[in-house]
Amino acid sequence: MNILFSIVVPVFNRPQEVRELLESLQKQDFQDDFEVVIVEDGSTERSEAVVEQFREHLQISYYYKENSGPGDSRNFGMQKAKGNYFIILDSDCMLPQQYLSEVDRELNADFVHCFGGPDAADTSFTVVQKAINYVMTSFLTTGGIRGGKKTVGKFQPRSFNMGISKTAFEKTGGFGQIHPGEDPDLTFRIWKTGFSSRLFPKAFVYHKRRIDWNKFYTQVNKFGMVRPILNKWHPGTAKPTYWFPTLFILGLGVAILAAFLGLWLPLFLYASYFLVLFLDAWIKTRSISVALLSIYAVFVQFIGYGIGFIKSTMLLNFSNKNPEELFPKLFFKKK
């Protein structure tokens, strides 16, 4: 098929991020036409003036709508788009110049109706951003849970770097109102229609994640709460590995208690894990500071995710209320 890419970006109060993303799109080495669709999701700090500066260099559309969440905004953008293959990006991403060429190469070699790409840390990122990026992508942490080239099971794309054909969008209806978790929910529904998903390992983005430790904890805590909801909606997708952060934290508490009783082996095993994690982060980031902060980031990630996961699991199993009633902050109401 002749592929025409439409890049859809929901934005909420991030004009500077939009500028950086558009600058990276302007530098793409891809030779064919593509369009960019910016959807302003009820922002008070609008990006329209920034978008205007790129109209001479990019085929770009700008829409403003009431705030209804990133999932609904992506759907809005795909409905307005002219292309037949949509690339969904977060506004805090920047693209290497070969990104679109890599996506095009993968689709022409082995077409798939849904894909996801990795995220990487640019050299300009802070040490905190690099540490968080490491733990969010490493196979040694929850980064490996979603599936990938070296994991067992299907790959679950994430909407900061996700592709979906117009055909798959029309058959599934696009993203739902849950957030976070709207991306795996859509992927599972894509699978149910008979389409598949695949990792494009070289189609990576630089995902800035403008975040601090408190925001990171809140984010991963929500990820933990969302997963049991997705397991309930899509029972065949549940995996024992989703329990890992909860069991890890509980096990660490038991190991510390055992050490007070003179049993040091469990704590030694945990220390060995953190040593491996430190060495892996050091090798991959080439920074001792990032490697040290990665250990702290893992604690934040596992505690936040683990608490959210067990809380959500207990409430869903011992309450007659539906997820929207139990966790109203995880759902946007469609406008």
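In the predicted model, helix 10 (residues 265-285) packs against helix 11 (residues 288-318) at an angle of about 130°, and the axes of the two helices lie 8 Å apart. This angle makes helix 10 oblique to helix 11, and the crossing of the two helices is right-handed. Helix 10 contributes Tyr273, Phe274, Leu277, Phe278, Ala281, Trp282 and Thr285 to the contact, while helix 11 contributes Ile288, Val290, Ala291, Leu292, Ser294, Ile295, Val298, Phe299 and Phe302. When the residues of this contact are sorted by character, 14 are nonpolar and 2 are polar, whereas none is charged.

A second region of interest is strand 4. Of the 5 residues in strand 4 (residues 85-89), 5 are buried, so this strand is largely enclosed by the rest of the structure. In a regular strand, side chains alternate between the two faces of the sheet. In strand 4 both faces are covered, with Tyr85, Ile87 and Leu89 buried on one side and Phe86 and Ile88 buried on the other. Strands of a sheet pair through backbone hydrogen bonds, in either a parallel or an antiparallel manner. Strand 4 runs parallel to strand 1 (residues 5-11), to which it is joined by 4 bridges, and within this pairing Ile87 is the bridge partner of Ile7. Strand 4 is also joined by 5 bridges to strand 8 (residues 161-165), and here the two strands run antiparallel; Leu89 has Asn161 of strand 8 as its bridge partner.

Two residues of strand 4, Ile87 and Leu89, are among the contacts of Tyr99, a residue located in helix 4 (residues 99-109). Tyr99 has a relative accessibility of 0% and therefore counts as buried. Leaving aside neighbours within four places in sequence, Tyr99 is also in contact with Gln28, Phe115, Asn161, Ala203, Phe204 and Val205. Although Tyr99 and Val205 are 106 residues apart in sequence, their C-alpha atoms are 7.6 Å apart in space.

A further sheet is built from 3 strands, which form an open arrangement in the order 5-10-7 with mixed pairing. Strand 5 (93-94) and strand 7 (119-120) stand at the edges and have a single partner strand each, so one side of each is left without a neighbour in the sheet. The pairing between strand 5 and strand 10 (residues 205-207) is antiparallel and extends over 2 bridges, and in this pairing Cys93 has His207 of strand 10 as its bridge partner.

Key: Residues numbered from 1 in each chain as written. Predicted model: local features only at pLDDT ≥ 70, side-chain atom pairs only at ≥ 80, totals over all residues. Heavy atoms only, no water. Axes fitted to C-alpha atoms, helices over the stretch in contact; angles between N-to-C directions. Parallel < 35°, antiparallel > 145°, perpendicular 65-115°, else oblique. Left-handed = near helix turned anticlockwise from the far one by under 90°. Contact = heavy atoms within 4.5 Å. Nonpolar A, V, L, I, M, F, W, Y, C, P; charged D, E, K, R; others polar. Buried < 20%, exposed > 50% of the residue type's maximum accessible area, 1.4 Å probe, protein only. Pairing = 2+ DSSP bridges.
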